[in-house]
Amino acid sequence: MNLARHIALIDELCFRPFPAEHGPSDVGFSGPGHHVAVLESGGPDLDPAHWAATVDQFEKQRDAVYELLASRWGDVDPWNLQTVLLRTEREDVPQPWAWLSHEAGVAWLWEVQGTSRWAAVALADRDAGGAVQLLAVVTETAPP
């Protein structure tokens, strides 16, 4: 893990222009009004024990990223994405929040002062057989 690199990337995404179309980017993917960066990735070919160890390792990395961002932007409570996921079944939840709710159970979320953007850090681990990813999301769309 390169914590300084993760923070620098999140800072850069807070000012990077958004593309007009959805597609891959140099750090993950982007679309109108949002960027998603994959900070770390592991699996999906891991056996259950290695998958669980990867989740544990990435949770520690997520917590380290949280501590640095919280020292800058303030402490926040975890945002329960399960409620957002349930809402996607009966209403049109904006992107990237609908997508993130399918990937992660919780996120740490800040409104980045002076940018009109929101930044979130989450661990995509909903699929026990799939890849585990430490994600950063930067968007101009307020959370639902």
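User: In which loop is the place of Ser 116?
Analyst: This is a predicted model, in which local features need pLDDT of at least 70, side-chain atom pairs count only at pLDDT 80 or more, and totals for chains, interfaces and linings use all residues. Residues are numbered from 1 along each chain as its sequence is written, and side-chain values use heavy atoms, with hydrogens and water left out. Helices (H or I, at least four residues) and strands (E, at least two) are DSSP runs, numbered from the N terminus. Ser 116 is in the loop between strand 5 and strand 6.

User: Is Ser 116 buried or exposed?
Analyst: Ser 116 has a positive phi of about 60° although it is not a glycine. Buried means under 20% relative accessible area, exposed over 50%, and partly exposed in between (1.4 Å probe, protein chains only). At 62% relative accessibility, Ser 116 is therefore exposed.

User: Which residue in the turn of the hairpin of strand 5 and strand 6 has a positive phi of about 80°?
Analyst: Two strands pair if DSSP finds at least two bridges between them. Strand 5 (residues 104-112) and strand 6 run antiparallel and are joined by seven bridges, with Val 112 partnered by Arg 117 and Glu 111 by Trp 118. Four residues lie between the two strands of this hairpin, and the one in the turn with a phi of about 80° is Gly 114.

User: How many of the eight residues of strand 6 are buried?
Analyst: On one side of strand 6, Arg 117, Ala 119, Val 121 and Leu 123 are buried. On the other side the buried residues are Trp 118, Ala 120, Ala 122 and Ala 124, so that both faces are covered. Strand 6 (residues 117-124) is largely enclosed by the rest of the structure, because the number of its eight residues that are buried is eight.

User: Which residue in strand 7 stands opposite Leu 123?
Analyst: Strand 6 pairs with strand 7 (residues 132-139) in the antiparallel sense, over seven bridges. Within this pairing, the residue opposite Leu 123 is Leu 134.

User: Which strands stand at the edges of the sheet?
Analyst: The sheet is open and has seven strands in the order 1-2-3-7-6-5-4, with antiparallel pairing. Each edge strand has a single partner strand, so one side of it is left without a neighbour in the sheet; the edge strands are strand 1 (23-24) and strand 4 (79-80).

User: What is the bridge partner of Asn 80 in strand 5?
Analyst: Strand 4 and strand 5 run antiparallel and are joined by two bridges. The partner of Asn 80 in strand 5 is Val 106.

User: What separates the C-alpha atoms of Leu 135 and Leu 39, in Å?
Analyst: Leu 135 is in strand 7 and is buried, with a relative accessible area of 1%. Contact means heavy atoms within 4.5 Å; leaving out residues up to four places away in sequence, Leu 135 touches ten residues' worth of neighbours listed as Val 36, Ala 37, Val 38, Leu 39, Trp 99, Leu 100, Ala 120, Val 121, Ala 122 and Ala 124. Leu 135 and Leu 39 are 96 residues apart along the chain, yet the separation of their C-alpha atoms is 5.6 Å.

User: How many residues has the largest nonpolar core?
Analyst: A nonpolar core is a set of buried Ala, Val, Leu, Ile, Met, Phe, Trp, Tyr and Cys residues joined through side-chain atoms within 4.5 Å. In the largest one, the residues with the most contacts inside it are Ile 10, Ala 37, Leu 39, Leu 69, Trp 110 and Val 121, and the number of residues is 20.

User: Which residues are among those of the other core, of 17 residues?
Analyst: Helix 1 (3-13), strand 3, helix 2 (48-73), strand 5, strand 6 and strand 7 each supply at least two residues of the largest core. Another core of 17 residues lies apart from it, and among its members are Trp 97, Leu 100, Ala 104 and Ala 120.

User: Over the face of which residue does Arg 72 lie?
Analyst: A charge sits over a ring if NZ of Lys or CZ of Arg is within 6 Å of the ring centre and within 35 degrees of the ring normal. Arg 72 lies at 5.4 Å from the ring centre of Trp 73.

User: Which residues of helix 3 are buried?
Analyst: Strand 4, helix 4 and strand 5 are among the elements that cover the buried residues of helix 3. The buried residues of helix 3 (81-88) are Leu 81, Val 84 and Leu 85.

User: Within what arc do the buried residues of helix 3 fall?
Analyst: The arc is that of the directions from the helix axis to the C-beta atoms. Seen down the axis of helix 3, its buried residues line one face of the helix, because they fall within an arc of 100°.
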